[in-house]
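Reader: I spend my days at the bench and would love some help reading a structure. Could we walk through a few features together?
Author: Gladly; here is the one to look at.

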Amino acid sequence: MTADVLDAIPAMGRVQFELPPELEASVPPEARGITRDAVRLMVAYKSEKRLVHANFSDLPRFLDAGDLIVVNTSGTLAAEVDAVGPDGGALAVHLSTQLPAELWVVELRRDGEPFRNAHAGWTVHLPADATAELLAPYERSSGRLWIASLHLPQPVLTYLAVHGRPIRYGYVRGSWPISTYQNVYATEPGSAEMPSAGRPFTPEVITRLVAKGVDVAPLVLHTGVSSLESHEAPYAEYYRVDAHTAHLVNDTHRQGGRVIAIGTTVVRALETVADERGRVHPGEGWTETLITPDRGVRAVDGMLTGWHEPEASHLDMLEAIAGRELVELSYEAALAEGYLWHEFGDVHLIFP
């Protein structure tokens with residue numbers, strides 16, 4: 001595969017490319033005969049316009065004593081539940097985001113595609129005599145997402161543990177247990193889909209980083225369902241950055257170290273609580289912060305991320321950190337070298 005896989009790049013707008021089906025990671029690395037930390041890693045340096053190809057287990061080579069990695073410890077829910085609509089048709093309900101007043105943002109799907117023919121007032125029947133009542137469309141989702149009231153016989157986490165399964169899209173072959181979709185450092189269930197940039201981490205890699213003098217700080221951002229089908233911007237998501245993590249970020253910068261965000265969720269959370277000087281403050285709530293090239297970033301000095309789909313809004317964030325030229329260069333190389341996309345795929349470390 002050569003660089004001409006990339007389409008012509010327009011003067012404005014995101015990087016444009018076609019993703020060949022063979023580059024969609026359809027099974028976990030473990031099912032391909034390798035460990036989590038054996039997926040491929042591309043390291044991109046903006047200042048040198050240089051790319052390095054490695055494996056994720058090599059990550060400690062690219063970080064220095066005094067650097068800080070910030071991880072999202074949100075755990076993945078078994079957020080997909082079988083359902084039956086008022087029309088008698090089979091549906092799947094994806095629980096996306098828990099709202100105040102015990103309401104949820106949900107997505108309905110039929111035959112693997114978003115179901116957009118629902119109406120306010122619909123009652124959707126779930127296993128064990130549970131129901132979800134659709135109250136109103138959610139924000140700008142064009143009928144894809146709904147605010148719903150759930151009526152369950154058990155607390156939601158217990159109910160999902162019994163009746164739910166991980167959200168799985170069409171490119172994934174086979175069904176995999178919820179442990180397949182958990183990061184090793186996850187502590188607090190709440191994400192509809194795995195914050196997947198952190199999936200390659202293993203206890204061994206973390207131990208080697210700490211032994212080298214790289215610190216690790218946690219935060220929480222509970223992710224909602226992805227928007228691959230309609231290229232929507234991210235919705236409001238719950239986050240929490242505690243005082244200890246804020247202190248570590250600020251102290252790392254004061255000492256001349258780099259703050260490396262593990263995933264787009266970490267960038268979004270840190271940038272939400274960063275002031276104009278880049279100083280991070282403790283915070284908790286709902287973030288609607290969108291990271292774009294015009295806005296830029298203030299609190300992070302690099303990020304680890306997966307490979308994002310054509311027209312995904314996360315590409316704006318990558319350009320905000322790395323610039324358009326490096327993102328184009330990286331994606332061209334990823335296509336040419338056969339890197340794998342999606343939650344079970346390879347990863348991309350960007351140093352601006």
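Reader: Let me start with helix H5. Which residues of H5 are buried?
Author: First, a word of care: this is a predicted model. The buried residues of H5 are Leu315, Asp316, Met317, Leu318, Glu319, Ala320, Ile321 and Ala322. That is eight of the nine residues in H5, a helix that is mostly covered.

Reader: What do the buried residues of H5 pack against?
Author: They pack against helices H4 and H6 and against two strands, E17 (302–305) and E18 (347–351).

Reader: How do I describe two helices that pack together?
Author: The general idea is that a packed pair is described by the angle between the two axes and by the distance between them. Take H4 (residues 264–272) and H5 (residues 314–322): their axes cross at roughly 65 degrees and come within 11 Å. Because 65 to 115 degrees counts as roughly perpendicular, H4 is roughly perpendicular to H5. The crossing of H4 past H5 is left-handed.

Reader: Which residues make the contact between H4 and H5?
Author: H4 contributes Thr264, Val267 and Arg268, while His314, Met317 and Ile321 come from H5. Sorted by class, the contact of H4 with H5 holds three nonpolar residues, two polar ones and one charged one.
There is a general pattern to look for in such lists: an α-helix has 3.6 residues a turn, so residues three or four places apart point the same way. Try it on His314, Met317 and Ile321 of H5.

Reader: And at what angle do H5 and H6 pack?
Author: H5 and H6 pack at about 120 degrees, and their axes are 7 Å apart. That makes H5 oblique to H6. On the H5 side the contact is made by Leu315, Leu318, Glu319 and Ala322, and on the H6 side by Arg324, Leu326, Val327 and Tyr331. By class, the contact of H5 with H6 has six nonpolar, no polar and two charged residues.

Reader: Arg268 came up in the H4 contact. Is arginine 268 buried or exposed?
Author: To judge that, look at relative accessible area, where under 20% means buried. Arginine 268 has 4% relative accessibility, so this residue counts as buried. Its place is in helix H4. A polar atom of the arginine 268 side chain lies 2.6 Å from the backbone oxygen of tyrosine 235. Beyond residues up to four places away in sequence, arginine 268 touches several others, including Pro234, Glu237, Glu288 and Met317.

Reader: What about H6, where is serine 330 found, and what does its side chain meet?
Author: Serine 330 sits in helix H6 (residues 324–337). Serine 330 is buried, with a relative accessible area of 0%. Its side chain and that of histidine 348 are joined by a polar contact of 3.1 Å. Not counting residues up to four places away in sequence, serine 330 also touches Met42, Ala44, Leu51 and Trp307.

Reader: Is tryptophan 176 buried, exposed or partly exposed?
Author: Tryptophan 176 is partly exposed, at 27% relative accessible area. Look for tryptophan 176 in the loop between helix H1 (156–163) and strand E12 (188–191). A polar atom of its side chain lies 3.2 Å from the backbone oxygen of arginine 173. Leaving aside neighbours within four places in sequence, tryptophan 176 is in contact with Val27, Pro28, Ala31, Pro166, Tyr181 and Phe344.

Reader: One last feature: how should I read the backbone angle phi?
Author: In general, most residues other than glycine have a negative phi. Two residues here go the other way. Phi of glutamate 102 is positive, near 60 degrees, and phi of aspartate 111 is positive too, near 55 degrees.

Reader: Where do glutamate 102 and aspartate 111 lie?
Author: Glutamate 102 is in the loop between strand E6 (90–98) and strand E7 (103–110); at 66% relative accessibility, glutamate 102 is exposed. Aspartate 111 lies in the loop between E7 and strand E8 (113–114), and is exposed with a relative accessible area of 77%. For a glycine, go back to the helix we began with: H5 is followed by glycine 323, whose phi is positive, near 90 degrees.

Technical notes: Residues are numbered from 1 along each chain as its sequence is written. This is a predicted model: local features need pLDDT of at least 70, side-chain atom pairs count only at pLDDT 80 or more; totals for chains, interfaces and linings use all residues. Side-chain values use heavy atoms; hydrogens and water are left out. Helices (H or I, at least four residues) and strands (E, at least two) are DSSP runs, numbered from the N terminus. Buried means under 20% relative accessible area, exposed over 50%, partly exposed in between (1.4 Å probe, protein chains only). Axes are lines fitted to C-alpha atoms, for helices over the stretch in contact, and angles run from 0 to 180 degrees between N-to-C directions. Angles under 35 degrees count as roughly parallel, over 145 as roughly antiparallel, 65 to 115 as roughly perpendicular and the rest as oblique. A crossing is left-handed if the near helix is turned anticlockwise from the far one by less than a right angle, and right-handed if clockwise. Contact means heavy atoms within 4.5 Å. Ala, Val, Leu, Ile, Met, Phe, Trp, Tyr, Cys and Pro count as nonpolar, Asp, Glu, Lys and Arg as charged, and the others, Gly among them, as polar. A polar contact is a pair of N or O atoms within 3.5 Å; within protein, one must be able to donate a hydrogen and the other to accept it, and residues adjacent in sequence count only if both atoms are side-chain atoms.
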